[in-house]
Amino acid sequence: MPKALDFYADIIAAPATPPGRGAVAVVRVSGPNLKSLALRLTRKSDFKPRYAHYAPFLDENGSAIDRGLILYFPAPHSYTGEDMLELHCHGSPVVVEMLLRRLFALGARPAEPGEFSRRAFLNGKLDLAQAEAVAALIESASEEAARAAQRSLEGMFSERVHKLSQALLELRAYVEASIDFSDQEIDLLAEGEVEARLQSLLEDLETLRRRAQQGRLLREGMTAVIAGPPNVGKSSLLNRLAGREAAIVTDIAGTTRDLLTEHLNFDGMPCTVIDTAGLRSGGDSIEREGMRRAIQAMQSADRILLVLDCRQTQAEEFMMAQLPCGVPVTKVYNKIDLGGLSPGLEEAATSVVYLSAKTGAGIDLLKSHLMHVMGFEAEREDALAARRRHLEALIRTQDFLQRAWDELRHTQAAELVAENLRLAQQRLAEITGEVTNEDLLGEIFAEFCIGK
Ligand SMILES: Nc1nc2c(ncn2[C@@H]2O[C@H](COP(=O)(O)OP(=O)(O)OP(=O)(O)O)[C@@H](O)[C@H]2O)c(=O)[nH]1
Ligand SMILES: [Mg+2]
């Protein structure tokens, strides 16, 4: 956990602004003793902390690469918790490159992706969930996602996790005390106290999980793969959902061969929709390759939309057998304008949507069905940016709490209750990074962009 400041002996530098031309580019530097580096770069001293100073950025011969602003943030009052410099130069890739080369000559090295945030985490400036929220904010693709990221960055997610963790700790202490004094025959169940506290913990956890689930959906959304026999209107459905003629539509069976991907947004929920080649036996080698890719795409989808002509649903059983198992399926009975049917939705183990890709009737039913099955609530104001990792940790915490509850109910073995509570608390701690390992940190920060 938070290491001593100046844990890292080396200095890192990277552009903080995206590559390309612009009015201004910012280069950030973090590490020990940056005041002396600033002096060598500018031949100026007296940098007032956190003030913008106008200065030349000099090369090794003392001529100016550029003139701009330099800000000095002495440790520990900086993003990383180390000494930091921000250099604002003109937004030319060439100037940035020259400035970086000069910084490297002065002892800095290129920062790895996410290294600034990683240092911020290791120096205790941010916890892990907050550091991940920084990345989520930068990547957010919608206003809702940005707001959810901001809430997590401000620590709302971490705060909830800490509160739960604190309540768990108190409950553990209570249960463990009853083990220590078991000769006094404290009956856990009879008191009802443990049961009541466990119940309220489970409820709070469920609320948090739902808010995090919203956040994950805002960020990652879902992937739906459109599959089915040739000519049933798969590409027409993609076009209708996308609101544009993305795919070629003809009445020739076997029109689509390649995968076609559209990134869409249903009321704030990102949805990647993939159109595929029609599934049938035979076909030329191109079509067969298309079918192979279709199956592959389905395997990693959140949901398969099995499109069928509503007038020819006998193909259904054969089709269901072609689909990879384990991926949820929604059946789309298309061409209701030709079948004389009305738009509709039947919610079941395998739901059915009746629609017409051609007229658009029933399309909204499909969209709201997809949002519903993913647990997405469009109007929710309290989503917290979260990743799959966080949700998995929350679900595992729930599992251990549930086990503690079961032990309490059925065996009344205080040791087993206590052990499950301990395991539950450990899972929670993974979220904020109180319990982590190097591999996990490496994985998380590698996803960040360079300079963050
Ligand atoms: N009347 C009517 N025609 C439709 C509807 N959906 C698609 N079609 C027509 O059905 C034919 C096939 O449509 P596509 O979207 O190309 O079908 P596909 O499933 O992608 O076909 P392949 O790519 O060959 O597998 C085209 O002539 C479409 O205009 C619909 O809802 N109603
Ligand atoms: Mg097609």
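**Exercise 1. Two arginines in one loop**

Task: Decide which class, buried, partly exposed or exposed, fits Arg50 at 46% relative accessibility, then do the same for Arg43 at 61%.

Solution: Keep in mind as we go that this is a predicted model.
- Step 1: Recall the cut-offs: buried means under 20% relative accessible area, exposed means over 50%, and partly exposed is in between.
- Step 2: Arg50 has 46% relative accessibility, so Arg50 counts as partly exposed.
- Step 3: Arg43 has 61%, so Arg43 counts as exposed.
- Step 4: Now place them on the chain. Arg43 sits in the loop that runs between α1 (34-42) and β3 (52-58), and Arg50 is also in the loop between α1 and β3.
- Step 5: Look at the backbone. Most residues other than glycine have a negative phi. Arg43, not a glycine, has a positive phi of about 55°, and the phi of Arg50 is positive too, near 65°.

**Exercise 2. A peptide bond to look up**

Task: Find out what kind of peptide bond joins Ala75 and Pro76, and where Pro76 is found.

Solution:
- Step 1: Start from the usual case: most peptide bonds are trans.
- Step 2: Check omega between Ala75 and Pro76: the angle is about 5°, and the bond is cis.
- Step 3: Follow the chain around this point: Pro76 belongs to the loop between β4 (64-73) and β5 (83-91).

**Exercise 3. The magnesium ion**

Task: Name the protein donors of the magnesium ion (ligand 2) and explain which parts of the chain they tie together.

Solution:
- Step 1: List the donor atoms. They are OG of Ser235 and OG1 of Thr256, lying 2.0 Å from the magnesium ion.
- Step 2: Locate the residues. Ser235 is in helix α9 (residues 234-242), while Thr256 is in the loop between α9 and β8 (260-266), so the pair ties together parts that are 21 residues apart in sequence.
- Step 3: Check the surroundings. Both Ser235 and Thr256 are buried.

**Exercise 4. Around ligand 1**

Task: State how many residues surround ligand 1, and give the distance from one of its oxygen atoms to a polar side-chain atom of Lys335.

Solution:
- Step 1: Count the neighbours: 23 residues surround ligand 1, and the closest are Lys234, Ser236, Gly254, Thr255 and Asp337.
- Step 2: Turn to the side chain of Lys335: one of its polar atoms is 3.0 Å from an oxygen atom of ligand 1.
- Step 3: Add backbone partners. A polar backbone atom of Asn231 lies 2.9 Å from an oxygen atom of ligand 1, and for a polar backbone atom of Ile252 the distance to an oxygen atom of the ligand is 3.5 Å.

**Exercise 5. The largest pocket**

Task: Describe the largest pocket by its volume and by the residues that line it.

Solution:
- Step 1: Give the volume, which is about 390 Å³.
- Step 2: Describe the lining. It has 22 residues, and those nearest the centre of the pocket are Asn231, Gly233, Ser236, Val249 and Lys335.
- Step 3: Ask which elements take part. Two or more residues come from each of α9 and α12 (336-339), and the largest share, three residues, is from α9.
- Step 4: Sort the lining by type: six residues are nonpolar, 11 polar and five charged.

**Exercise 6. Closed spaces**

Task: Find how many cavities of 30 Å³ or more the structure holds, and say what lines the largest cavity.

Solution:
- Step 1: There are two such cavities.
- Step 2: The largest cavity has a volume of about 40 Å³. Its lining includes Ala136, Ser140, Leu218 and Arg219, with α5 (143-153) and α8 (193-220) each giving at least two residues.
- Step 3: By type, this lining has six nonpolar residues, two polar and one charged.
- Step 4: The second largest cavity holds about 30 Å³ of space. Helix α4 (residues 128-139) gives the most to its lining, with four residues.

**Exercise 7. Buried hydroxyl side chains**

Task: Identify the polar partners of Thr276 and Ser30.

Solution:
- Step 1: Thr276 is in the loop between β9 (269-275) and α10 (285-299). Its relative accessible area is 0%, so Thr276 is buried.
- Step 2: A polar atom of the Thr276 side chain is 2.6 Å from the backbone oxygen of Ile226.
- Step 3: Ser30 belongs to strand β2 (residues 22-31) and is buried as well, at 0%.
- Step 4: The side chains of Ser30 and Thr80 make a polar contact at 2.9 Å.

Key. Residues numbered from 1 in each chain as written. Chains lettered and ligands numbered in written order. Predicted model: local features only at pLDDT ≥ 70, side-chain atom pairs only at ≥ 80, totals over all residues. Heavy atoms only, no water. Donors = N, O, S within 2.8 Å, 3.2 Å for Na, K, Ca; no water. Buried < 20%, exposed > 50% of the residue type's maximum accessible area, 1.4 Å probe, protein only. 1 Å grid on protein atoms, 1.4 Å probe; cavity = no way out; pocket = protein on both sides within 12 Å on 5 of 7 lines; lining within 4 Å. Points joined across faces, edges and corners; volume = space filled by probe spheres on them. Nonpolar A, V, L, I, M, F, W, Y, C, P; charged D, E, K, R; others polar. Near = heavy atom within 4 Å. Polar contact = N/O pair within 3.5 Å; in protein donor to acceptor, adjacent residues only side chain to side chain.
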